[in-house]
Amino acid sequence: MLNLERLRTLDALARHGSVSGAAEGLHVTTSAVSQQMAKLEREVGQQLLARNGRGVRLTDAGRLLAEHAARILSQVEFAQSDLEAQRGQVVGELRLGAFPTAARGLFPAALSRLRERHPGLRVRTVEMEPAAAVRAVVRGDADLSVVLDWYNKPLPVPEGLTRAPILDDPADVALPAAHPLADRAEVDLEDFADDDWVTWGEAEFCDEWLLDTLRSKGVEPRIAHRAEEHATQLALVAAGLGVCVAPRLGRGPLPAGVRTVPVRQTVRRHVYAVWRSDADRRPSIRAAITALRTTGGRPV
């Protein structure tokens with residue numbers, strides 16, 4: 001009889017590609033992963049892992065069993081979802097991921113609402129960028145993630161995931177108070193063709209959006225500074241070192257010396273939640289969506 005936890009370990013190895021990655025995804029030690037795999041090999045009577053330099057790789061038998069493990073675990077997810085739906089209680093553990101401004105702008109109120117209404121539900125959260133948050137749901141490391149795409153740049157969402165809109169988040173341009181356009185009622189992004197830009201980390205989803213959008217308007221952006229956090233970006237703007245796009249979700253008070261101006265052709269981020277379709281009937285998923293949409297001001 002195949003052991004479910006050992007199949008889960010094999011599945012994590014196949015998805016993460018390394019013992020350390022599997023251990024991190026399962027929240028166990030690398031030693032625990034190795035021990036589970038050794039036991040699984042004894043149970044099936046075949047070698048499932050082979051040395052590959054300093055790491056390991058799945059053998060043909062390992063890949064074959066990993067494919068079965070993924071299907072078995074999906075069926076287990078369906079079974080758990082159906083049982084939770086039949087019981088109708090919002091209990092157990094729910095793992096949530098979100099990009100930073102959603103974690104700051106949505107999670108505090110939404111999680112407080114969940115705790116008040118469903119005290120039997122334990123929620124864990126992790127802050128991560130949208131693409132990583134989608135991968136976490138696909139891998140099973142997160143039950144639900146809050147992600148985003150831009151009005152003109154969709155975020156790829158793989159098959160097997162369900163999505164629900166949470167809110168639309170307008171974005172302004174943040175600029176130094178002494179900037180010639182600081183007193184304008186509206187601006188266009190191309191008005192800043194000669195300005196230095198403060199943007200996100202290189203090749204991040206939002207960074208690629210900004211570059212693609214400016215180039216589509218015939219502007220080759222002058223990227224002067226990169227910062228992951230919006231607070232850091234705004235601090236650089238306050239110092240007169242450039243301008244940046246400033247979404248409103250989770251923005252907080254502006255630093256002294258910074259103004260925000262709306263964009264004439266409204267720039268919006270679409271914020272939504274994604275989860276595995278095989279967990280669609282879980283009451284905890286539905287409760288989380290309701291709390292997030294209520295917090296975001298969208299009708300439930």
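The second largest pocket of this predicted model has a volume of about 310 Å³. Of the 17 residues that line this second largest pocket, E24, H27, V126, M128 and D141 are the closest to its centre. Helix 2, strand 3, strand 4 (121-127) and helix 7 each contribute at least two residues to that lining, and its composition by class is six nonpolar, six polar and five charged residues.

From there the reader can turn to the largest pocket, which encloses about 1000 Å³ of space. Its lining is made up of 38 residues, and those lying nearest the centre of the largest pocket are R8, E77, R95, G140 and R276. At least two lining residues come from each of helix 1 (4-16), helix 2 (19-26), helix 3 (30-44), helix 4 (60-87), strand 3 (92-98) and helix 7 (130-139), with helix 4 giving the largest share, eight residues. Sorted by class, the lining of the largest pocket holds 17 charged residues, together with 11 nonpolar and 10 polar ones. Helix 2, strand 3 and helix 7 thus appear among the contributors to the largest pocket, and they are also named among those of the second largest pocket.

The N-terminal part of the chain carries an annotation from a record: in an unreviewed entry, UniProt places the feature "domain: HTH lysR-type" at residues 2-59. Over this stretch the chain is 62% helix and 14% strand, and the C-alpha atoms at its two ends are 18 Å apart.

Beyond the open pockets, the structure holds one cavity of 30 Å³ or more, and about 90 Å³ of space lies in the largest cavity. The residues that line the largest cavity are F99, P100, T101, E129, P130, L148, W200, C206, E228, H230 and R269, and this lining divides into six nonpolar, two polar and three charged residues.

Further along the chain, helix 10 covers residues 283-296, and its 14 residues reach 20 Å from the first C-alpha to the last, close to the 20 Å expected at 1.5 Å a residue. Several of the residues of helix 10 are buried, namely P283, S284, I285, A287, A288, I289, A291, L292 and R293. Just after helix 10 comes G297, which takes a positive phi of about 85°.

Terms used: Residues numbered from 1 in each chain as written. Predicted model: local features only at pLDDT ≥ 70, side-chain atom pairs only at ≥ 80, totals over all residues. Heavy atoms only, no water. UniProt positions renumbered as here; feature names shortened; annotations may be inferred. Helix = DSSP H or I, 4+ residues; strand = E, 2+ residues; numbered from the N terminus. 1 Å grid on protein atoms, 1.4 Å probe; cavity = no way out; pocket = protein on both sides within 12 Å on 5 of 7 lines; lining within 4 Å. Points joined across faces, edges and corners; volume = space filled by probe spheres on them. Nonpolar A, V, L, I, M, F, W, Y, C, P; charged D, E, K, R; others polar. Expected span 1.5 Å × (residues − 1). Buried < 20%, exposed > 50% of the residue type's maximum accessible area, 1.4 Å probe, protein only.
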